[in-house]
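I opened this entry to keep track of what I looked up, pocket by pocket and residue by residue. The overall fold comes at the end.

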Amino acid sequence: FMSKKIDIYKSRKKKLNIIEPKTFNEKLQWLKLYYFPYDKEVIQGADKYAVREYLEKKGYGNILVPLHGAWKKAADIDWDELPDRFVMKCNHGCAYNILCHDKNDIDKQKIEKQLTSWLKEDFGAFNIEVHYSQIKEKYIICEEYLGDCITDYKFFCFHGVPYCVYVSNDLIHDRQAQIGFFDLDGKKMPLRRDDYEDIAEAKFPTFFGEMKKIAEELSKPFPFVRVDFFIANDRYYFAELTFTPSACMMPFNPEKYDLVWGEMLDISKLERKHG
C-alpha cells in the first residue's frame with residue numbers, strides 16, 4: 001500500500017503520522033493498512049452479506065433486516081418475485097444503494113446496468129480501505145424497505161466497549177443528514193461534525209440498553225468498530241459494522257477529540273500483519 005502516495009489528509013492540510021500514530025484517525029489509518037485487510041472477521045464484518053452469518057452465529061439473527069434475495073449477477077434478479085418496495089445494495093462497499101418506493105415505476109434495465117457497474121468496482125481502492133478489496137464473493141442483496149422515517153444509532157466501540165453513540169437522521173440523502181454525538185446516558189457531547197447539520201437533542205428509545213448490549217457483544221473481536229443500527233416502526237434492526245468511518249478522515253470539532261479518541265484505541269499490542 002505504501003507504494004501509493006498517502007495524501008488522504010491533504011484536504012485538511014494535515015500530515016499523516018503512520019509511523020507513530022497518536023490520533024484516532026491516524027491509528028485507524030494504521031489499522032486499515034496493516035491489520036484490517038488481513039483479519040478474516042473484519043473482512044466478514046465489512047461484507048454486507050456475510051455479516052448476516054456473523055450475527056446469526058452470535059444469536060442475533062432476529063434483528064437482521066429481512067432478506068428478499070441475493071444474486072451474483074443483476075441478470076439473475078427475478079423482479080416478479082420482489083415486493084413493490086425494497087432496498088437493493090451491493091455487499092462489497094458503501095453507498096451502493098437503490099431504494100425502490102414502487103416497483104411499477106422503476107427502470108429495471110437501468111438498475112441492472114447500475115448494479116453491474118458497481119459489482120465491477122473495487123471499492124477498497126477509492127480511499128485505501130483494503131479490507132473491502134478482500135471481499136471476493138460479490139453479491140447484490142435485496143432487503144425489506146423499512147420506511148421513510150429511519151433514525152440511525154451508531155455505537156463507537158473500543159476494544160469491545162461502547163464509548164458513545166451518534167444519532168443520525170436522513171442519512172439516505174447523505175449531506176442533508178443531521179448528526180449528533182451523545183454519551184451512553186443520552187447526554188449531548190461537546191463534539192460535532194461540521195460536514196453535517198448538528199442534532200441538539202435526541203430521544204433515546206426504551207430498547208437503547210438492548211442495542212448497547214448487542215453492540216458490546218458484536219464488537220468484542222475488534223480493536224475498533226462502529227456498530228450501526230436502524231430504528232424504524234418502533235423497533236431496531238442491525239445495519240452494519242463500520243471499521244473505517246469516513247475512510248479514517250473523520251472531522252472533529254473541537255479537534256482535540258481526535259487525540260482523546262486515539263488514546264482509547266491501543267494498537268501497541270497488535271501484530272502488524274503487513275509490511
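**Second largest pocket**

I looked up the second largest pocket, and its volume is about 230 Å³. The model is a predicted one.

I then asked which elements give two or more residues to the lining of this pocket. They are strand E5 (151–158) and strand E9 (224–232).

I listed the lining next. Cys149, Thr151 and Tyr153 belong to it, and so does the run Lys203, Phe204, Pro205, Thr206 and Phe207. Ile231, Ala232, Asn233 and Asp234 complete the lining. By residue class I noted 7 nonpolar, 3 polar and 2 charged.

**Asp258**

I moved on to Asp258, which sits in helix H7 (residues 256–264). Is Asp258 buried or exposed? Its relative accessibility is 1%, so Asp258 counts as buried; the cut-off for buried is under 20%. I also checked the side chain of Asp258 for a partner: one of its polar atoms lies 3.0 Å from the backbone nitrogen of Asn25.

**Whole chain**

For the protein chain I noted 7 helices and 10 strands. The C-alpha trace spans about 55 × 45 × 35 Å along its principal axes.

I compared the radius of gyration with the value for a compact globule. For 275 residues that value would be near 19 Å, and the protein chain has 19 Å, so the two agree.

Of the 275 residues, 51% are buried. I last looked at contacts between residues at least 6 apart in sequence: 61% of these join residues at least 24 apart.

Definitions and conventions:
Residues are numbered from 1 along each chain as its sequence is written. This is a predicted model: local features need pLDDT of at least 70, side-chain atom pairs count only at pLDDT 80 or more; totals for chains, interfaces and linings use all residues. Side-chain values use heavy atoms; hydrogens and water are left out. On a 1 Å grid over the protein atoms alone, a cavity is a set of points where a 1.4 Å probe fits but cannot get out, and a pocket is an open set with protein on both sides within 12 Å along at least five of seven lines; lining residues have an atom within 4 Å of a point. Grid points are joined across faces, edges and corners, and a volume is the space filled by probe spheres set on the points. Helices (H or I, at least four residues) and strands (E, at least two) are DSSP runs, numbered from the N terminus. Ala, Val, Leu, Ile, Met, Phe, Trp, Tyr, Cys and Pro count as nonpolar, Asp, Glu, Lys and Arg as charged, and the others, Gly among them, as polar. Buried means under 20% relative accessible area, exposed over 50%, partly exposed in between (1.4 Å probe, protein chains only). A polar contact is a pair of N or O atoms within 3.5 Å; within protein, one must be able to donate a hydrogen and the other to accept it, and residues adjacent in sequence count only if both atoms are side-chain atoms. The radius of gyration is taken over C-alpha atoms; the globule rule is 2.2 Å times the number of residues to the power 0.38. Contact means heavy atoms within 4.5 Å.
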